[in-house]
Amino acid sequence: MVRLGPDAGPHHNNRTYPGTSGFSDLHQCPLWLSYCLPGRLHPQGESDNGDGQVFTGGDDAELRVWGGYNVLGETPASALREELRRCAENRRQITYRTVGRGFFVVSGYESDGTRIFYLRKIVRPSLQVGFEFVYPVNNRARYDREVGVIANSLRLPSRQAGFK
């Protein structure tokens with residue numbers, strides 16, 4: 001798992017998950033976010049303010065992961081509306097969207113039709129975390145499975161840690 005937050009410090013414990021061969025368990029920041037990472041993606045360095053990171057693959061795949069405070073007080077529904085606005089602005093073709101208790105998902109194709117995007121965001125009153133995975137259509141079989149693993153592993157810190 002990778003973790004992102006205010007007291008960053010990269011750690012890797014080389015743990016893998018059952019049924020997820022090639023995924024690693026990295027720890028970068030203990031407070032904001034954790035997720036499972038496909039081993040074929042390579043970190044490009046944490047952002048200057050420590051709230052996210054980009055991982056790239058050799059085939060034009062890109063995973064962006066971030067976390068931060070919910071300063072605008074968004075709900076999952078309002079955050080989805082804003083994301084749909086951005087998708088329309090960038091001429092993305094939406095093929096799937098859903099909003100649930102504490103999260104939303106939107107996916108589809110980039111404007112040129114050659115890449116698929118999948119965005120999942122968890123929204124709480126005080127925090128938001130998310131990831132967006134963009135990958136080539138011709139590698140869909142490989143990456144669709146990996147999107148599922150990443151999405152199911154995405155976690156915020158426990159509410160007991162003081163985050164709502």
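These legends go with a set of close-up views of one predicted model.

**View 1. The whole chain, from end to end.** Before zooming in, here's the general layout: 2 helices and 12 strands make up the secondary structure of the chain. Walk along the sequence and you get the pattern β-β-β-β-β-β-β-β-α-β-β-β-β-α. The chain has 164 residues, and 48% of them count as buried. Take the contacts between residues at least 6 apart in sequence, and 49% of those join residues at least 24 apart. As for the outside, the accessible surface adds up to about 8600 Å², with 49% of that belonging to carbon and sulfur atoms.

**View 2. Glu74, a buried acid without a salt bridge.** You'll find Glu74 in the loop that runs between strand E8 (62–69) and helix H1 (76–89). What is the nearest side chain of opposite charge? That's Lys121, 4.6 Å away. A salt bridge has to be within 4 Å, so this pair misses the cut-off. What the Glu74 side chain does have is a polar contact with the side chain of Gln128, at 2.8 Å. Leaving aside residues up to four places away in sequence, Glu74 touches Ala79, Glu82, Val123 and Gln128.

**View 3. Helix H1 and what covers it.** H1 is 14 residues long and spans 20 Å from its first C-alpha to its last, close to the 20 Å expected at 1.5 Å a residue. Its buried residues are Pro76, Ser78, Ala79, Leu80, Glu83, Leu84 and Cys87. The cover over them includes three strands: E9 (93–100), E10 (103–109) and E11 (115–123). Have a look just past the end of H1 too, where Arg91 takes a positive phi of about 60 degrees.

**View 4. Asn139, in the loop before helix H2.** Asn139 sits between strand E12 (127–136) and helix H2 (140–153). Is Asn139 buried or exposed? Its relative accessible area is 17% and the cut-off is under 20%, so Asn139 counts as buried. Ile116 is 23 residues away along the chain, yet the C-alpha atoms of Asn139 and Ile116 are separated by 9.6 Å.

**View 5. Helix H2, residue by residue.** Like the helix in View 3, H2 has 14 residues. From first C-alpha to last, H2 reaches 20 Å, close to the 20 Å expected at 1.5 Å a residue. Which residues in H2 are buried? They are Tyr143, Glu146, Val147, Val149, Ile150, Ala151 and Ser153.

Notes: Residues numbered from 1 in each chain as written. Predicted model: local features only at pLDDT ≥ 70, side-chain atom pairs only at ≥ 80, totals over all residues. Heavy atoms only, no water. Helix = DSSP H or I, 4+ residues; strand = E, 2+ residues; numbered from the N terminus. Buried < 20%, exposed > 50% of the residue type's maximum accessible area, 1.4 Å probe, protein only. Expected span 1.5 Å × (residues − 1). Lys, Arg positive; Asp, Glu negative; His and termini not counted. Polar contact = N/O pair within 3.5 Å; in protein donor to acceptor, adjacent residues only side chain to side chain. Contact = heavy atoms within 4.5 Å. Areas by Shrake-Rupley, 256 points an atom, 1.4 Å probe, with all protein chains shown as cover.
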